[in-house]
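Here are some exercises to work through at your own pace, each with a solution in steps. Keep the viewer open beside you and try each task before reading on.

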Amino acid sequence: MNKLEFDPLLDDLGTRVLVCCGSGGVGKTTTAAALALRAAERGRRVVVLTIDPARRLAQSLGLRELDNHPREVVVEGFEPKGELFAMMLDMRRTFDDMVLTHAGRDRADQILSNPFYQTISSSFSGTQEYMAMEKLGQLVAQDEWDLIIVDTPPSRSALDFLDAPQRLSTVLDGRFIRMLSAPARASGRGLLKIVGTGFSLFTRAVSTIVGGQLLQDASTFVQAFDSMFGGFRERAQRTYELLRSPGTGFVVVAAAEPDALREASYFVERLSAENMPLCGLVANRTHPVLATDLPAAKAVAAADDLDRSGDAPLAAAVLRLHADRVAVADREKRLLARFTRAHPGVSLVGVPALPADVHDLDGLREIGRRLAGE
């Protein structure tokens, strides 16, 4: 097994973007924050972008809240060699900013006030993932930080993160949306002469399903958004190329559980297929046995002897706890060994679980030390 070495990666000025990804609930946010803190304390000018709406990152960094713009972490007693900034993605605000950047004021106002836009900008499938990458592109373009660390959106499949830019771009520029926009773009009878009664049947059917007002809103939206479609595709492609660039690295985070490692395996394979740079796997919240070499079976046998004698119930309980811990550790070792056999070239680091949740800078530092193998 190749060991994932984080300190050389963080110290390398050629490392410009680190993307922490994986399935939900595996510790991506904490990992991203811990890496950002460690990099700042080692001299980098870092910004960490979280997608976690629970505001745990802000609390851990000693901040009351985070918003859609980087905020410097200035906390009493925190004096890093570098600088640390943090922000939390506001999906709707990011979409609005993109519209304002690429449309004139009048057209932007028309788009932003459109009910169809308000729906897709806040709840359309893939929007959060796309806007995370849009914000990443903005941060890179600003060129104010020498390291950007991204905590990717929680999703049922880690693959959604790679697919979202192209998927959202395709949908907004797709045939169905174009057909929705056709009534207004047709200027009355012009288009109907071309497509005939079939299109009239289509619009009546769609109106019946989604409602005439929504159809009109969609039509108006696509007209206003039409001039931005090319830019939308271009930005999606530029973001995709950024993810493949030498200065970017992906860190896959997984718990030592079958489902999480299965998803991590899919993601590793997808990264390889797309020629995207993989740093390695973080096996989070592991339970290594460090104190003794006592096998689980012997611990259980000793506990049984003590229970029969009734002399030391506390010692018997401790032995059973040890046996349970050994069983968990052995199970995790088997799962990780299976992963490394399937992906022998992937570097890996195990991060032992802390006794309590991380809620401050000291906790993040401890996670950073464990990520670094200290």
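**Exercise 1. Helix α17 and its surroundings**

Find the residue with a positive phi that follows α17, then list the buried residues of the helix and the elements they pack against.

*Solution.*
Step 1. α17 is followed by Gly373, and the phi of Gly373 is positive, near 80°. Helices here are DSSP runs of H or I with at least four residues, strands are runs of E with at least two, and both are numbered from the N terminus. This is a predicted model, in which local features need pLDDT of at least 70 and side-chain atom pairs count only at pLDDT 80 or more, while totals for chains, interfaces and linings use all residues. Residues are numbered from 1 along each chain as its sequence is written, and side-chain values use heavy atoms, with hydrogens and water left out.

Step 2. In α17 (residues 361-371), the buried residues are Leu361, Gly363, Leu364, Ile367, Gly368, Arg370 and Leu371. Buried means under 20% relative accessible area, exposed means over 50%, and partly exposed lies in between (1.4 Å probe, protein chains only).

Step 3. The partners of these buried residues are α1 (6-11), α2 (28-41), α3 (56-60), β7 (278-286) and β8 (348-352).

Step 4. Within the helix, Arg370 and Glu366 form a salt bridge with an N to O distance of 2.9 Å. A salt bridge needs a side-chain nitrogen of Lys or Arg within 4 Å of a carboxyl oxygen of Asp or Glu. Because they are four residues apart in α17, Arg370 and Glu366 are separated by about one helical turn. Glu366 is partly exposed, at 23% relative accessible area.

**Exercise 2. The span of helix α7**

How many residues does α7 have, and what is its reach from first C-alpha to last?

*Solution.*
Step 1. α7 (residues 127-142) has 16 residues and reaches 22 Å from its first C-alpha to its last.

Step 2. That is close to the 22 Å expected at 1.5 Å a residue, where the expected span is 1.5 Å times one less than the number of residues.

Step 3. Buried residues of α7 include Tyr130, Met131, Met133, Leu136 and Leu139, and also Glu129, Glu134 and Lys135.

Step 4. Just after α7, Asp143 has a positive phi of about 55°.

**Exercise 3. Two long-range salt bridges**

Which parts of the chain are linked by the pairs Arg42 with Asp11 and Glu257 with Arg331?

*Solution.*
Step 1. The structure holds 16 salt bridges.

Step 2. In the pair of Arg42 and Asp11, the closest N and O atoms are 2.7 Å apart. This pair links distant parts of the chain, with Arg42 in the loop between α2 and β2 (45-50) and Asp11 in helix α1, 31 residues apart.

Step 3. Arg42 is partly exposed at 36% relative accessibility, and Asp11 is partly exposed at 37%. Asp7, Asp11, Arg38 and Arg42 are linked in a network of salt bridges.

Step 4. Glu257 and Arg331 form a salt bridge whose closest N and O atoms are 3.1 Å apart. Glu257 sits in the loop between β6 (248-255) and α14 (258-273), while Arg331 is in helix α16, 74 residues apart.

Step 5. Glu257 is partly exposed at 36%, and Arg331 is partly exposed at 33%.

**Exercise 4. Around Val252**

Is Val252 buried or exposed, and which residues is Val252 in contact with?

*Solution.*
Step 1. Val252 lies in strand β6 and is buried, with a relative accessible area of 1%.

Step 2. Leaving aside neighbours within four places in sequence, Val252 is in contact (heavy atoms within 4.5 Å) with Cys21, Ala264, Phe267, Val268, Leu271, Leu278, Gly280, Leu281 and Val282.

Step 3. The C-alpha atoms of Val252 and Leu281 are separated by 4.8 Å, and the two residues are 29 residues apart along the chain.
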